[in-house]
Structures are given as structure tokens and as C-alpha cells.
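Me: I am new to this structure and should be grateful for a close look at a single part of it. Please take the surroundings of the bound molecule.

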Amino acid sequence: MAQTMISVAHAHEMIDAAVAAAGVTARERVGFRDAIGRVLAADVTAPFSLPRFTNSAMDGFAVRAADIANAPVRLSVSGIVRAGEAAATPVAPGEAVQIMTGAPLPSGADTVVPVEQTSGYGGDTVEVRTSIPADRNVRHAGEEVEAGATVIAAGTRVGPAELGVIASLGFAEVDVFARPRIAIFGTGDELREPGTPLGDGEIYNSNLWVLSDLAQRAGADVVEARIVRDDADALRDFLAAALACDVVVSSGGVSMGEHDLVRGALSSLGVEERFWKVAQKPAKPLAFGVRDATLVFGLPGNPVSSAIAFLEYVHDALIRLQGGAPTPPERARLAAPFPCDPGKHRFLFGAFDATGAVRPSTRLGSHMLSAGLGADALIGVPPGAEPLPVGALVEVRRLRWGGLGT
Ligand code: AMP
Ligand code: MG
């Protein structure tokens, strides 16, 4: 068991190596509506062009541009075509066809006069008041996507836009990677569930619910989330089953306390510890191990520590396991000074301001989960003796609570 404190970068390297060795989850085919939040296992290629047929962008009249070059001019109306109908009869010289948005452009016509630029339509004839060139208000077949083109690449996480494009191409099913199965547990005899009374010294469990939500947002299937007693047998029983998952995440019980039994229970079940303790604040006693293809993260129990460690390490591992590409941290300027730690990578929740600068939370304690309220950034700053001044560039993970990037 490696027990020296390692750097954040080294922790990432070891986790990435273990994730790569575990490999991506199996592929599965799902109904397109169930693809939301999932990572595509195959490219989505267009079975037909978009638009599929040339059609009108406006309600108006399909005409020949040459016929209206000397507008105002009166044309005879030879028919009507509505969205959903087959193209009307061709437009002959001197003729117009009334057309609705989305209706196929009749042959012969090369432009659409919006209804607002016409007058006197009585059923047989219409007056076009202004001349417009060819190709106005016309949406050409294939101008958006050509048949056979790759529209969405494998590895893309499906969001609302992807779902809409998949539907518009008519796919009833798509191939995705299976959701990584994750078991989450907390330890601590002090923990009670909301809705039950608290005895002396007891507190409510919040971590499991934060971690479960974060895991789901990262695309994981949370198969178990529960508190296990600070008891070696209870832990072993729970873990023996939980280790069948792709990922096991614990909160609490990895520091130096007398009841910090998690690492021992893991090792007795054959989990090979890859590291314990990272030079970071919060979440210094982070533990990481592997058994076969199962990744095990032992997060410290303080609420900010477990949330931040999940966001910094577990989130991207879950994205990679399901074939996705995590969004790398970005750089932003500080809107307020950042309190560095001389020997540890310092993480704080933060919030972007309107100028794109990021303001670190002033709630510094790892027990202060309210630091996460309103946060849309996780700021990480390497060890440093002095606080960083306003305007300094820092690394930031943008927290989109719909999932961190992909
Ligand atoms: P531990 O890592 O077990 O020493 O826990 C560190 C701190 O986090 C202690 O104050 C615990 O009471 C608290 N804690 C542990 N688990 C949870 C949890 N699930 N919800 C809220 N607080 C917790
Ligand atoms: Mg504890």
C-alpha cells in the first residue's frame, strides 16, 4: 500500500491508467428516447439529406423570379401546397402556387414571395408587390446535411440537440455504451436519514444524495446507495456484493480515525490500493484501488471533500468508462484573491461573474457544503506560498449541473 502523499497530477495519471485498463462498458442498443445522457457507441450517419426535399421557408407564393422582375405584377394562382403534401403541379410561366412553410417547392418555381409582400389574393390571382431574386425563402435539399454524412460522432454524449437530430433522421434506436454501474456507500454511525429524528451527536447523511446525483448526471447507473455501519463485518458484506459493479465509491472512513475501516475492508476483499492520500485540500485522504475491472474510490467523509473529489476524479472516470471524452479544465481569471496552500493543491467551489472571471467561495471549511450553493465552477490551484491576486489565471472545471461537459 502506497502511503506517501502524491500530487494531484499523479493521482489523475494513476486513475486514467486504471480506467484505460478497465476499458469501456459494453455496447447496447436503446430506443432513441432512452439515449438522452448516453454516449453514442457508433457514428450517426444520415440515411437521407436534410432537408430531405427542397421546401419553402415562408408562407407565401412559389413563383419564377423572372416573372416578378418588373413587380408589381399579377400572376394566376394554379394551386396550393401545404406542409406534408406532395409537391403541387409545376409552376408554369406567369403562374404562382400558394405555398406554406415546410411544403415542397413545386418544380418550375425558383423563389418564394412571402405573403406579406403580396396583395389581392382572391383565389385565382395574386399581386406580387415587390420583385425578389431567385432562391429567396427556399430551403434546399441537402443544404444542412448530405445523405451519408456523419452527423454525430461516436463518443458524443446525447443531449437535447443530439436527440432532436437523431429523431429528425428517423432513427428509432441507437447504439450507446452501457451506463457504468456504480455502488455508493457511506460509513459513519453518526449518520441518519432526513425525516428521522437525531440523537445526541448525530447528523444527517447528505453525501450519499450528492454523490448519487452527481453519478447519475455523469451517466452512471446507481445500483446501490446506502449507509453502512462502522463495522468491519457489515462493510465486508456490503463490499463483497458491491465489487461486482464497474465503480464503487465510498464516503467517509478513509482517514486516520479509529473507525476508519474502509481501506482494511477493501484490502481484505482483494482490492489493490493504488494510492492513498493526495497533496490536496480538501480530500487529502482520498484512496483509490482496483479489483479486476472494478475501480474503487474511497472519498473522505466531509461533505465538501467528497463532492469535490467526485467532481475532480470520479466524474471523468465515469465519462471515460462509457466511451466519452471528458471536458478538460479551462482557464479563467480570478475575480477575488484565492487562498493557496503551501503544500497542497487547493480546490474551492466558485462562481463565474458576467465578465467570465471566477470568484472563489469564501466558505473554506470542508464541512461547509453550502459553499456549493450557486457554484458553477470548481477552481483548482497548485501549491503556493502566497494567495493568488485578482486577475491571476486559474484552472477551472465548469460545473454544468446537467453533467460536466460531456
Ligand atoms: P470521516 O471521513 O468518516 O472521518 O468523516 C469526516 C466528517 O464527515 C465527519 O464529520 C462525518 O460526520 C462527516 N460525514 C461522513 N459521512 C457523511 C455523510 N454521508 N453525510 C454528511 N456528513 C458525513
Ligand atoms: Mg466516519
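Which kind of atom of Asn207 lies 3.3 Å from a nitrogen atom of ligand 1?

Reply: It is a backbone N or O atom of Asn207 that lies 3.3 Å from a nitrogen atom of ligand 1. The model is predicted, with local features requiring pLDDT of at least 70 and side-chain atom pairs pLDDT 80 or more, while totals for chains, interfaces and linings use all residues. Residues are numbered from 1 along each chain as its sequence is written, chains are lettered from A and ligands numbered from 1 in the order in which they are written, and side-chain values use heavy atoms, without hydrogens and water.

The contact made by Asn207 is a polar contact (a pair of N or O atoms within 3.5 Å). Side chains take part as well: a polar side-chain atom of Glu190 is 2.6 Å from an oxygen atom of ligand 1, and one of Ser255 is 3.4 Å from an oxygen atom of the ligand. Of the 490 Å² of accessible area that ligand 1 has on its own, the protein covers 78% (Shrake-Rupley method, 1.4 Å probe).

Around ligand 1 there are 15 residues, each with a heavy atom within 4 Å of the molecule. Glu190 is among the closest, together with Asn205, Ser206, Gly253 and Gly301. Sorted by class, this shell around ligand 1 holds four nonpolar, 10 polar and one charged residues; Asp, Glu, Lys and Arg count as charged, and Gly as polar.

The space that ligand 1 takes is the largest pocket. A pocket is an open set of points on a 1 Å grid over the protein atoms alone, with protein on both sides within 12 Å along at least five of seven lines. A molecule sits in one if more than half of its atoms lie within 2 Å of its grid points.

Definitions and conventions. A polar contact is a pair of N or O atoms within 3.5 Å; within protein, one must be able to donate a hydrogen and the other to accept it, and residues adjacent in sequence count only if both atoms are side-chain atoms. On a 1 Å grid over the protein atoms alone, a cavity is a set of points where a 1.4 Å probe fits but cannot get out, and a pocket is an open set with protein on both sides within 12 Å along at least five of seven lines; lining residues have an atom within 4 Å of a point.
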